[in-house]
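Colleague: I'm new to reading models like this one. Can we go through it together?

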Amino acid sequence: MSLHLPPVLVVDDEKNMRLSLQTMLRDEGYTTRLSESAENALELLATESFFMVITDARLGGMSGYELLGKIRSRWPDLPTLMLTAYATPKLAVEAIKAGAMDYLAKPFAPEELFHAVARCAERHKLLRENAALRARAGEVTSLEQIIGEAPAMRGIRQMIQTVAPTDARVMILGESGTGKELVAGAIHGLSQRRGNNYVRINCAAIPENLLESELFGHEKGAFTGALRQKLGRFEEADQGTIFLDEIADMSKPLQAKLLRFLEDGSFTRVGGTQELKVDVRLIAATNRNLTQAIQDETFREDLYHRLNVVQFHLPALRERGADVALLADYFLKLFRLKMNKNATTLAPATSQKLLSHNWPGNVRELRNVIERALILETTREIQPASLPEFERDQSRQKTQAIQAIAGESLDDALGRLEREIINHSLEANGFSLTRVAESLKLTRHALRYRMQRLNMKLASEPGPGRENTDF
Ligand SMILES: Nc1ncnc2c1ncn2[C@@H]1O[C@H](COP(=O)(O)OP(=O)(O)OP(=O)(O)O)[C@@H](O)[C@H]1O
Ligand SMILES: [Mg+2]
C-alpha cells in the first residue's frame with residue numbers, strides 16, 4: 001500500500017507518542033518523519049514532500065489548529081489528520097474547521113489510525129493521478145487568448161483561422177516563450193477534431209530510450225520492465241491531434257520512424273510486428289534553428305519537409321512594438337483577480353521601462369515580470385521600482401562577455417564562457433544533468449556531448465539504473 005508513497009509527517013511534542021505512531025505506521029508499511037513542533041514541521045514541509053500530516057492538537061509552541069490553518073493555505077491538497085485528547089463533538093468540529101481531513105481522539109485503536117491513514121493515501125493517489133492526466137493532455141486555447149495587435153500577430157490569428165479546419169500538418173517556430181504552445185492549442189480548438197483528443201508530448205522531457213515507446217507504444221516483454229502492453233500516444237490521439245513539442249530534440253533513429261509513419265500512416269509498437277494505422281493530425285514546434293540543425297545533420301531534412309506543410313513563425317516580443325504594453329495590461333488583469341491585489345494600471349514610467357527592455361525570454365518573461373511586480377506593489381499603480389533591474393542585468397552581461405574576449409581567440413573565449421555557464425548551472429541544480437539540460441534547453445545527450453567537448457568531467461552522472469527515475 002505504501003509503495004511509492006512519500007513519508008507521513010508526524011507532529012507531536014510527546015516523544016513516546018511520536019515513537020509509537022512511527023512503530024504502528026512502520027508495521028503497516030508506511031515511512032514516517034517525526035517532528036516535535038509545528039514550527040519545525042512547517043520547515044520540513046517547505047523542503048520535503050509528504051503524503052499526509054498527523055498532528056496533535058496541543059503542541060508546545062504553535063498549536064495543531066494553527067498548524068493546520070497554515071497547511072491549508074500553503075498546501076491545500078495535503079491531507080491532514082488531527083489527534084485530540086478527548087472525543088467531544090466540539091473538538092471534532094474545530095479540527096475539521098481548521099482544515100483536518102479527519103480526526104482521532106486519544107486513545108485510539110491501531111485499526112482506526114490505519115483506516116484514516118489509508119483514506120489519506122487514497123486521496124493522495126487520486127490527486128497525483130489527476131495531475132498526471134492534466135499533464136498528459138495538451139491545453140486547448142482560443143484565439144482570444146492570443147493577445148497582440150502587431151501586424152505579425154494579427155496575421156497569425158488570421159492564419160490559425162484559415163489553417164485550423166484543414167488537416168494540414170503545421171510547424172511552429174519561434175524563440176522560447178513566444179507562444180508556440182498557445183498557437184498549437186488554438187489550432188486544435190478551432191479544428192474539426194476539437195471533440196477528440198489533443199495530446200501534447202514534449203520530446204525533450206522524455207529520455208531518448210523511452211520516447212519511442214511513449215509515442216508508438218510497446219508490446220508486453222518488448223524490453224526489461226515492459227510488463228504489459230502499452231498503447232502509444234499516437235493511438236491515444238487517434239481521430240484527434242498530436243502536438244510534438246521540442247521536435248528538434250528527437251533522436252535520429254526516432255526521426256526515421258516518425259518519417260515512415262508520416263509517409264503511410266502506419267507503425268508498429270516497440271517489440272511488435274502488427275502494422276497499426278491511426279488518423280492523427282500532427283503539429284510540431286521547436287525554438288531551435290532547424291535550418292542549422294539540418295546543416296549539422298542532427299535533424300533530417302526529409303522529415304522537415306514532411307512536417308513543414310504550413311509554417312508559423314512567431315516573432316520575438318522585442319519585434320512586436322506596443323504589444324508589450326498590451327500584454328502587460330492583460331497579465332496585470334489576469335493576476336490581479338487571482339491575487340486579489342489593488343494595483344490596476346502601470347505607471348507611465350513603468351510602461352516606458354517595459355518598452356525599452358529587449359525581452360530575451362519573450363512573453364513568458366513578461367508574464368513573470370508582471371506577476372512579480374504585482375506581488376511587490378503596495379500602491380494602486382505598478383511603479384518602476386517593482387520591476388527587475390533590466391538595464392543593469394544587460395550591461396553586466398555585456399561587460400562580462402567583452403572581458404571574456406580580450407586577449408583570447410574567439411573560440412577560446414566562447415569555450416570558456418560556455419564552461420562557466422554550464423558550471424554555474426550545475427551548481428545551481430545540485431549537479432543533476434537532467435535539470436541542467438532542462439534549464440539550458442538542451443537534451444541530456446546534447447549537454448553531455450558539449451561537456452565532453454569542453455573537457456568537463458561527468459563525475460556525478462547517475463548510473464544507467466537511475467535513468468528512468470531521473471526524469
Ligand atoms: N500572444 C500571447 N498572448 C497571451 N499570452 C501569451 C502570448 N504568447 C505567449 N503567452 C503566454 O506566455 C507563456 C509562454 O508561452 P508558450 O508556452 O506558448 O511559449 P513557447 O513558445 O511554447 O515557449 P517554449 O519554446 O519555451 O516552450 C504562456 O504562459 C502563454 O500563455
Ligand atoms: Mg512550449
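Colleague: In what order do the 5 strands of the open sheet come, and is the pairing parallel or antiparallel?

Modeller: The order is β2-β1-β3-β4-β5, and the pairing is parallel. This is a predicted model, where local features need pLDDT of at least 70, side-chain atom pairs count only at pLDDT 80 or more, and totals for chains, interfaces and linings use all residues. Residues are numbered from 1 along each chain as its sequence is written, while chains are lettered from A and ligands numbered from 1 in the order in which they are written.

Colleague: What makes β2 and β5 edge strands?

Modeller: β2 (32-35) and β5 (102-105) each pair on one side only. Strands here are DSSP runs of E, at least two residues, numbered from the N terminus, and helices are runs of H or I, at least four.

Colleague: How do you know that β3 and β4 pair?

Modeller: Pairing takes at least two bridges found by DSSP. Strands β3 (52-56) and β4 (80-84) have 4 bridges, so they pass. For isoleucine 54, the bridge partner in β4 is leucine 81.

Colleague: Which residues come nearest to ligand 1?

Modeller: Ser176, Gly179, Lys180, Glu181 and Val363, out of 17 around the ligand; "around" puts the C-beta atom, placed from the backbone, within 6 Å. Helices α7 (180-189) and α15 (362-376) each give two or more residues to that shell.

Colleague: How does the shell around ligand 1 divide into nonpolar, polar and charged?

Modeller: It has 5 nonpolar, 8 polar and 4 charged residues. Ala, Val, Leu, Ile, Met, Phe, Trp, Tyr, Cys and Pro count as nonpolar, Asp, Glu, Lys and Arg as charged, and the others, Gly among them, as polar.
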